[in-house]
Amino acid sequence: MARRIRNLVIAIIILNIIWYLAAIAISKDILPNPFTVYAIIPSLFKENISLDIYASVYRVFWGLLSATLVGVIIGIMIVRLPKFGRIANPMLYFLYPIPKISLLPILMLFLGLGESSKIGMLFLANVFQVIVSVRDQVRQIPGDLYSSLHVLKASHWQIFKYVTWPASIAGTLSAVRIELSASFAILFMTEVYGTQVGLGYYIMDEWSKMEYTKMYAGIVILSIVAFILFIILELLDAHCNRWRKKDAPLF
Amino acid sequence: MARRIRNLVIAIIILNIIWYLAAIAISKDILPNPFTVYAIIPSLFKENISLDIYASVYRVFWGLLSATLVGVIIGIMIVRLPKFGRIANPMLYFLYPIPKISLLPILMLFLGLGESSKIGMLFLANVFQVIVSVRDQVRQIPGDLYSSLHVLKASHWQIFKYVTWPASIAGTLSAVRIELSASFAILFMTEVYGTQVGLGYYIMDEWSKMEYTKMYAGIVILSIVAFILFIILELLDAHCNRWRKKDAPLF
Amino acid sequence: AGCSPKESKSSSTSSSAQNSKTTKITIATMAAPDSAPLYVAADKGYFKKEGLDVKLSLFKDPNKRDAATSAGQADAAVVDFTSFTSYMRSKKPDWKLITQLTGRFGVAIPKNSNVKSVKDLKGKKVANMSRQVTSYYMYKTLKQNGVNPKDVDQVNVPQIPQRLEMIKNNQAAAAVLPQTFLTIAKVQGCKILTQSGSDFQVTALAAKGKLLSDKDVRSKFLKAYNRAVNELNDHPDVLTQVMEKDLSLPAPVAKAAPKQFPRYNKAKTPSVKTMKQVLKFAKEEGFFTKKVNPADYIVPVD
Amino acid sequence: MLTLNNLSIKRNNKLILKNINLTIPNAATTAIIGPSGIGKTTLISAICQLISYSGDILWDGHKLNLKKQTIAWVPQDFGLLPWFDVHKNISLGIKIRNNDKLNANQAELVEQIENKLGISDIKHKFPNELSGGQKQRVALAKAFCLKPEILLLDEPFSALDTVVKQTAENLLLEQLATFQITTLMITHSLEEALIFGDQLFVLSNKTGQLRENPLKSVNPKDRRDNPEFSKILADIQKEVIDLWRVE
Amino acid sequence: MLTLNNLSIKRNNKLILKNINLTIPNAATTAIIGPSGIGKTTLISAICQLISYSGDILWDGHKLNLKKQTIAWVPQDFGLLPWFDVHKNISLGIKIRNNDKLNANQAELVEQIENKLGISDIKHKFPNELSGGQKQRVALAKAFCLKPEILLLDEPFSALDTVVKQTAENLLLEQLATFQITTLMITHSLEEALIFGDQLFVLSNKTGQLRENPLKSVNPKDRRDNPEFSKILADIQKEVIDLWRVE
Ligand SMILES: Nc1ncnc2c1ncn2[C@@H]1O[C@H](COP(=O)(O)OP(=O)(O)OP(=O)(O)O)[C@@H](O)[C@H]1O
Ligand SMILES: Nc1ncnc2c1ncn2[C@@H]1O[C@H](COP(=O)(O)OP(=O)(O)OP(=O)(O)O)[C@@H](O)[C@H]1O
Ligand SMILES: [Mg+2]
Ligand SMILES: [Mg+2]
């Protein structure tokens with residue numbers, strides 16, 4: 001534990017040194033130095049940035065949860081039900097690259113401008129990626145692991161519960177980690193309309209005002225929020241994968 | 001082969017039926033029916049959309065290639081060099097969620113408005129995701145697989161070549177697949193400045209002209225281009241993972 | 001990367017005369033009629049004749065334009081007074097407005113709307129984009145009609161086509177749009193509630209560096225600009241062409257443009273008075289509260 | 001009664017086994033011996049319906065139905081699920097056949113068998129923390145707990161030391177004596193084959209021959225001490241060596 | 001000469017082996033026997049420097065250095081890399097010690113050993129297409145090709161049938177006779193232990209005792225036919241059974 005905190009501190013110091021040096025080298029508004037940025041953060045909390053944090057985390061949570069649920073189910077089905085998979089795979093490959101942002105008009109038509117269209121966009125933007133990730137992960141499960149269940153004629157549900165799920169949980173969590181960060185990027189597309197709260201809105205707003213110091217303050221807060229969510233995912237991962245002897249340190 | 005083509009045809013038919021029904025149900029400009037869209041595609045080629053395809057594929061190729069190279073190396077280093085990993089992991093978790101689009105001013109400062117800043121943005125937006133994917137994949141490699149090389153005191157390079165790389169190639173290709181699609185989404189952020197060619201530009205441009213039929217024609221072309229790239233990746237995957245008995249059908 | 005894609009679809013660059021005496025200027029333009037004279041001047045070689053090497057870079061999104069200007073990638077930019085407040089945040093005025101441009105704005109409403117006048121917008125939902133020219137336009141129009149802007153529910157929808165979609169689908173009672181889209185709105189069966197006249201000019205060209213400090217360069221530049229304005233005013237078909245090819249605006253818009261923009265204004269000092277009003281608006285809205293003297297940010301055209 | 005009729009099996013388009021005919025009487029044990037790579041494991045995989053085959057696999061004259069007949073299978077590589085600890089791995093079989101539940105009797109049975117096989121103090125370890133022999137015992141425990149109708153053992157004692165092997169062998173004999181289990185046992189040890197097998201199925205050159213065990217009438221427990229044991233063992237050893245060497 | 005001095009090994013904070021002292025003379029073979037789960041594989045892992053330990057592992061008085069001494073190791077689970085075919089797996093060891101190259105002599109050696117172990121016609125198969133015994137033979141081939149100074153064998157013949165086992169045993173004996181190989185061999189078969197071991201290291205209760213092989217002076221090939229063989233085997237069997245049963 002102590003070592004972890006030490007590593008974390010070292011990492012933060014290194015990051016700040018790099019940032020500081022870059023800021024000095026560039027010496028333009030577009031990259032303020034870290035101390036100016038940190039100095040401004042308390043004032044953001046007075047301006048109620050906690051509301052923005054809440055709004056964004058709320059949207060990301062529901063968008064990601066729905067995308068993960070649907071993505072995991074379809075991803076597993078593609079591999080485990082080969083007949084379904086053979087048709088679903090090419091469909092997936094056609095639908096996956098469609099730029100989801102261009103579906104915004106349709107999404108707004110059905111879901112309006114409020115929370116639901118934002119969560120809907122997060123869902124749309126993430127669900128295919130989760131499907132592909134989970135599918136790729138489940139494809140890697142060695143067939144032998146299923147044998148002992150086949151012999152006992154386990155049901156589809158039992159096979160899922162005892163083999164597919166535990167074998168792919170690490171990959172699923174990896175997919176969620178990746179989506180988590182992508183989701184924050186998507187906030188920048190969805191929090192620019194119909195809302196005035198959210199970290200994405202805040203950062204874009206300060207950007208368009210060219211208030212770079214505040215913009216970076218917003219980014220720092222976003223990073224910290226995401227960092228906390230990552231740590232939660234890591235702990236979940238460590239718990240679910242106790243059986244694996246991990247070489248890789250969390251930090 | 002024949003079966004694959006049959007499955008592909010079925011998938012395309014299903015997709016078109018869904019699209020057609022949705023278009024009828026909505027019956028608005030924002031979702032034209034597939035046949036109007038297909039009818040217009042030949043005219044796009046007269047308007048030289050092949051140039052747009054070339055430009056976008058070019059950008060995605062270099063952006064993805066550089067992100068994959070750097071991402072794979074760092075991702076593997078984090079796991080295989082635990083001292084490095086312990087510091088790099090928390091740094092990664094802070095840097096990863098930073099919305100890369102907000103670094104656009106800095107990117108433009110160094111790389112200008114042309115191709116390099118576009119490729120640079122694709123690199124920035126993908127590299128962290130590749131790192132995380134590859135890291136997660138390499139973490140899952142059972143430690144036992146390394147033992148026989150440790151006993152022979154294989155060099156770091158040999159361990160990479162004979163174990164880490166073959167064991168993580170499937171995961172790396174999965175990451176590339178996911179990035180490939182994400183990259184097309186990023187084109188929508190980068191092809192809106194300093195260029196008038198590219199599929200992202202084309203689709204956004206038609207959107208802003210409210211030429212929805214042309215916009216969807218652009219999306220169809222994008223999907224087909226991406227589909228071809230996906231198939232290439234699948235073939236590569238199938239080749240690299242011959243040793244694995246695959247249950248999952250390509251299609 | 002020897003085979004990087006070539007921008008061969010349309011030439012947004014005036015063929016650069018690589019003469020050492022030429023002054024290089026990069027201008028960030030927006031896909032709006034305001035930028036048309038710049039393209040004419042570039043296409044017809046007016047800038048070149050003045051010894052200026054002008055490169056025009058088209059932006060579809062004001063944020064990207066601002067990123068480019070902050071990064072020092074542009075010496076001039078097509079802006080509006082409202083968004084120019086962002087350029088006024090730096091300590092000393094490095095960006096100044098050197099000439100007014102020509103643009104028009106209006107409010108569109110659905111075909112069967114029961115909104116008959118601006119007053120009727122009270123309590124209704126209006127699709128607009130905050131802190132852009134359209135939001136100031138709406139503010140001013142509402143005030144002129146005796147409506148408190150706070151009484152109108154303005155929702156932020158940055159994508160202009162999306163605003164139009166919203167009134168078409170009855171998701172909003174009205175949409176505030178720049179002129180090009182007013183034409184589309186009409187083509188698509190919507191009605192125009194109100195529209196700005198030639199007295200409402202809030203777009204301008206912001207400049208820094210040589211274009212700003214070197215009076216000689218500036219007057220050459222404006223001379224080329226004025227020639228282009230003449231050309232546009234004399235040849236309506238040139239406007240149609242520029243609209244469609246360079247600014248990538250929809251064909252119906254381009255066709256209707258000569259009627260909507262019968263006269264482009266020659267280079268003209270941006271109005272300090274209007275700027276003051278915009279600053280007041282910005283203060284009320286709370287997005288720009290710094291005390292500044294507008295005159296410090298405007299260079300007279302002489 | 002398990003009957004293999006004209007069973008032929010291909011793997012990767014290569015014919016491994018050809019026209020196998022074999023009848024395994026109820027509640028009896030058939031030992032399968034054969035050179036490495038001949039297709040013993042393949043034969044068992046076919047019975048488990050894990051690979052495709054031509055010909056018939058019948059149980060009492062009907063096509064073998066895994067839903068109705070409980071098969072317990074101890075694979076050569078133990079087949080443990082790495083994410084479950086020893087205890088969960090052992091009880092998994094019962095749970096699957098019993099709607100994911102484990103009743104009190106079954107729980108006790110699991111405990112008992114764990115005790116007998118000396119794995120009760122590694123109950124909470126994961127498979128990758130076990131020694132080779134421990135894994136094998138876990139696999140055996142899993143099979144014994146199931147009280148199967150058909151028991152398929154693929155070299156079940158190969159990783160055990162003399163003492164533990166004796167215990168495990170005795171436990172198996174006990175199970176076989178108590179319950180009506182139709183057993184197929186692959187082994188490389190001719191000694192084991194003679195002790196457990198009521199009959200011997202000798203595989204060579206893609207096909208197999210059935211032999212009676214000359215010691216069939218002797219109680220398995222007493223076979224090793226039978227005065228004729230060494231001679232019979234030596235005979236059969238010589239025979240198979242000649243048979244297999246030709247290939 | 002390989003010397004283990006006061007070797008103690010913990011796994012998961014549990015002491016597995018305590019104060020092991022053992023000297024393995026050059027070019028001789030030590031057979032290790034012990035009950036399942038006692039720590040035989042753990043001991044070998046420590047020599048391979050794969051797990052941490054306290055105490056010393058010395059080669060000719062210096063700390064064992066894997067860079068200088070070539071160790072060939074046949075793990076209990078064969079340790080093949082699944083993405084390389086049999087041939088590549090076998091030559092991998094040589095390549096690693098030889099800058100990723102395989103010269104003509106070495107290539108021939110690989111072929112020879114493949115032939116002798118009967119795996120030349122599965123050369124291009126991947127490990128997951130092999131039978132258990134085939135995998136074990138591939139692992140043995142890999143070790144033999146390396147011409148190591150130290151050879152560590154973890155139950156190397158457990159998955160082989162009578163005939164193949166004889167071939168493999170003979171090949172091992174040949175190797176041991178031709179080259180100066182210091183060998184540690186874990187086995188559950190006391191017979192094998194007596195045939196290969198110049199000395200026997202009997203593990204029980206976390207520690208070990210060294211015995212001379214009474215047949216040491218007899219040529220290994222002739223030991224099995226030695227008139228005293230059965231008696232010695234029976235004696236040692238009784239002894240270890242008593243020793244291990246107590247635990
Ligand atoms: N998954 C597979 N794919 C293709 N061929 C296989 C596969 N598994 C085994 N084989 C081949 O089938 C043949 C029979 O293998 P099998 O595992 O049945 O042998 P076995 O009799 O059990 O041998 P052993 O005693 O060595 O375990 C072998 O030649 C082997 O190479
Ligand atoms: N990776 C591991 N982590 C924790 N404990 C382990 C691990 N591997 C083995 N053990 C434990 O260490 C002890 C010794 O195991 P080891 O594999 O050395 O036994 P062994 O003597 O080789 O037995 P066998 O003859 O069954 O292979 C066992 O009790 C085992 O449970
Ligand atoms: Mg087998
Ligand atoms: Mg062991």
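**Entry 1: starting point**

I first looked up B:Trp62, which counts as partly exposed at 37% relative accessibility. I call a residue buried under 20% relative accessible area, exposed over 50% and partly exposed in between, with a 1.4 Å probe and protein chains only. B:Phe61, at 46% relative accessibility, is also partly exposed.

The model is predicted, and local features need pLDDT of at least 70, side-chain atom pairs count only at pLDDT 80 or more, and totals for chains, interfaces and linings use all residues. Residues are numbered from 1 along each chain as its sequence is written, chains are lettered from A and ligands numbered from 1 in the order in which they are written, and side-chain values use heavy atoms, with hydrogens and water left out.

**Entry 2: aromatic pairs**

I paired rings of Phe, Tyr and Trp (its six-membered ring) with centres within 6.5 Å; planes under 30 degrees apart are stacked, over 60 edge-to-face, and the rest tilted. Over all chains this rule gives 41 aromatic pairs. A:Trp157 and A:Phe160 form a stacked pair, because their ring centres are 5.5 Å apart and their planes meet at 25°. Both sit in helix 8 (residues 156-190) of chain A, three residues apart, or about one helical turn. Helices here are DSSP runs of H or I of at least four residues, strands are runs of E of at least two, and both are numbered from the N terminus. A:Trp157 is exposed at 51% relative accessible area, while A:Phe160 is partly exposed at 24%. I then returned to B:Phe61 and B:Trp62: their centres lie 5.2 Å apart with planes at 80°, so this pair is edge-to-face.

In chain C, I found one aromatic cluster made of C:Phe105, C:Tyr136, C:Tyr137, C:Tyr139, C:Phe200, C:Phe281 and C:Phe287.

I also checked for charges over rings (NZ of Lys or CZ of Arg within 6 Å of the ring centre and within 35 degrees of the ring normal). C:Arg131 lies over the face of C:Phe287, 5.4 Å from the ring centre. B:Lys118 does so over B:Tyr193, at 4.1 Å.

**Entry 3: magnesium sites**

As metal donors I took N, O and S atoms within 2.8 Å (3.2 Å for Na, K and Ca); water is not among the atoms, so sites may look incomplete. Which residues coordinate the magnesium ion that is ligand 3? They are D:Thr41, through OG1, and D:Gln76, through OE1, at 1.9 to 2.3 Å. D:Thr41 belongs to helix 1 (residues 40-47) of chain D and D:Gln76 to the loop between strand 6 (71-74) and helix 2 (86-97), so the pair ties together parts 35 residues apart in sequence. D:Thr41 is partly exposed at 27%, as is D:Gln76 at 22%.

The magnesium ion that is ligand 4 is coordinated by E:Thr41 (OG1) and E:Gln76 (OE1), at 1.9 to 2.2 Å. E:Thr41 is in helix 1 (residues 40-47) of chain E and E:Gln76 in the loop between strand 6 (71-74) and helix 2 (86-97), so that distant parts of the chain, 35 residues apart, are linked. Relative accessibility makes E:Thr41 partly exposed at 26% and E:Gln76 partly exposed at 23%.

**Entry 4: helix 1 of chain D**

I went through this helix by residue. Seven of its eight residues are buried, so the helix is largely enclosed by the rest of the structure. The buried ones are D:Lys40, D:Thr42, D:Leu43, D:Ile44, D:Ser45, D:Ala46 and D:Ile47. D:Gln49, which follows the helix, has a positive phi, near 65°.

**Entry 5: cores**

A nonpolar core here is a set of buried Ala, Val, Leu, Ile, Met, Phe, Trp, Tyr and Cys residues joined through side-chain atoms within 4.5 Å. The largest has 247 residues, and A:Tyr216, C:Phe84 and C:Phe221 have the most contacts inside it. Another core lies apart from it, with 76 residues, among them D:Leu92, D:Leu160, D:Ile195 and D:Leu233.

**Entry 6: contacts between chains**

Contact means heavy atoms within 4.5 Å. Six pairs of chains touch, and chains A and B share the most contacts. B:Gln129, in helix 6 (residues 115-139) of chain B, is buried at 8% relative accessibility. Neighbours within four places in sequence aside, B:Gln129 contacts A:Ile178, A:Ala182, B:Tyr96 and B:Glu179.

For chains D and A, the contact takes 23 residues from chain D and 21 from chain A. Chains B and D do not touch, their nearest C-alpha atoms being 10 Å apart.
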